[in-house]
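Please open the model in a viewer and keep the selection panel at hand. The tour below proceeds from one selection to the next.

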Amino acid sequence: MKQILAVLLPLALMMLPVQAARIKDVADIEGVRSNQLVGYGLVVGLPGTGEQGAFTEQSFRTMLTNFGITLPANLKAQTKNVAAVVVHAELPAFAKPGQTLNVTVSSVGSAKGLRGGTLMQTFLKGLDGNVYAVAQGSLIVSGLGAEGLDGSRILVNTPTVGSIPNGAMVEREVVSPFAQGDFITFNLKQSDFTTSKRLAEAINAFMGADTAYSMDATSVQVRAPRDISQRVSYLSTLENLTFEPGDNAAKIIINSRTGTIVIGKEVRLFPAAVTHGGLTVTIAENPRVVQPNPLAQGQTAIEENTIIDVRPDQSRMFKFDPGVTLDDLVRTVNAVGAAPGDLMAILEALKEAGAIHGELVVI
């Protein structure tokens, strides 16, 4: 019997009752978020793997000018050891000046590799155009590239992208609305009216009535003390409260490229009868030797003989009764020996027939 190779990843967990979750695991605090930083800079000290691009040369000249060095206009700068790069990092919430960030450095030109290079001082800006961190340091590059004179080339990973652990220093703090106002707001990571209502009820049950209000499917507003030290302790208590989130919507996720099928535990089937299969066509060539009569003065010849055999697969019809669950569905399909491709076809046909209670999502 064939087994379903589709990855029913959360199958074991789905068979268990819904478990309580901490508020901190299902919701974020409004205004407490990270910010993306980006900057443009130069990597120097490359072993001839840099580039001779126009903007790299212009950036190189600008850097020298900042150091008080001016190159003649008619002199072409040699920048084979230099590469123009984009540097990006993520500034966590409440990051303070003097703390460090990890940065990623990526070539934006035709440099062949950044291995062995050093990033020159680069300003990292936020969306508002202000500088929030400064990056500098030696790169760690896991990729490797090599090229021969005949054009042959070998490439391992990506040699034009590197990283600098703790390579940027925070220079400016992002103002957070965390300490402002009389309320804080929890935003659910997955919008759901039931989860929002239960979260508010859990807080009210612990802190007292009218402490929390469910505003919509995503946001729950909670009264909070204005004193910052009290607010920190208050949130520390709230975010560790546990409650039972609402069940997710009934969905079947199908990845046709990998054969992965994930079926949510809320999926149900209406009464339906299914048969799946087709015809097995076998074509075989069995040439025959034709020997002429001894007195006919003929020649021995080979006669083509093609045998075509068509047989129906031994597919069985199986029936789904009302309220069939995930476990019943998988067990039934396994019993008839369906492969992942077969299961996809069955699920799509059931959806078209209106026999599936749930959304079919193909990714």
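Which residue takes a positive phi just after helix 4? Select G208: its phi is about 115°. The model under examination is predicted, so local features need pLDDT of at least 70 and side-chain atom pairs count only at pLDDT 80 or more, whereas totals for chains, interfaces and linings use all residues. Residues are numbered from 1 along each chain as its sequence is written, and side-chain values use heavy atoms, with hydrogens and water left out.

**The whole chain**

Display the entire protein, which has seven helices and 25 strands; these are DSSP runs numbered from the N terminus (helices: H or I, at least four residues; strands: E, at least two). Of its 363 residues, 33% count as buried, where buried means under 20% relative accessible area, exposed over 50% and partly exposed in between (1.4 Å probe, protein chains only). Among contacts (heavy atoms within 4.5 Å) with a separation of 6 or more, 70% join residues 24 or more positions apart.

**Helix 4**

Next, select residues 193–207, which make up helix 4. The expected span is 1.5 Å times one less than the number of residues; for these 15 residues that gives 21 Å, and the end C-alpha atoms are 21 Å apart, which agrees. At the N-terminal end, add D192, which caps the helix: a side-chain oxygen of D192 lies 3.0 Å from the backbone nitrogen of T194.

Colour the buried positions of helix 4, including T195, S196, A200 and I203. Then centre the view on L199, also in helix 4, which counts as buried because its relative accessibility is 0%. Not counting residues up to four places away in sequence, L199 touches I23, A27, F186, L188, V220 and F243. For a distance across the chain, pick the C-alpha atoms of L199 and V26: they are 9.7 Å apart, although these positions lie 173 residues apart in numbering terms.

**Y40 and S59**

Move to Y40 in strand 3 (residues 35–44). Y40 counts as partly exposed because its relative accessibility is 41%. Now select S59, found in helix 3 (residues 54–66); S59 is buried, with a relative accessible area of 15%. The side chains of S59 and Y40 make a polar contact at 2.7 Å. Leaving aside neighbours within four places in sequence, S59 is in contact with Y40 and L42.

Finally, add F55 and V108 to Y40: together the three form a nonpolar patch on the surface, with about 260 Å² of accessible area.

Notes: Polar contact = N/O pair within 3.5 Å; in protein donor to acceptor, adjacent residues only side chain to side chain. Patch = residues over 30% accessible without salt bridge, like charges linked within 9 Å, V, L, I, M, F, W, Y side chains within 5 Å. Areas by Shrake-Rupley, 256 points an atom, 1.4 Å probe, with all protein chains shown as cover. Salt bridge = Lys/Arg side-chain N within 4 Å of Asp/Glu carboxyl O.
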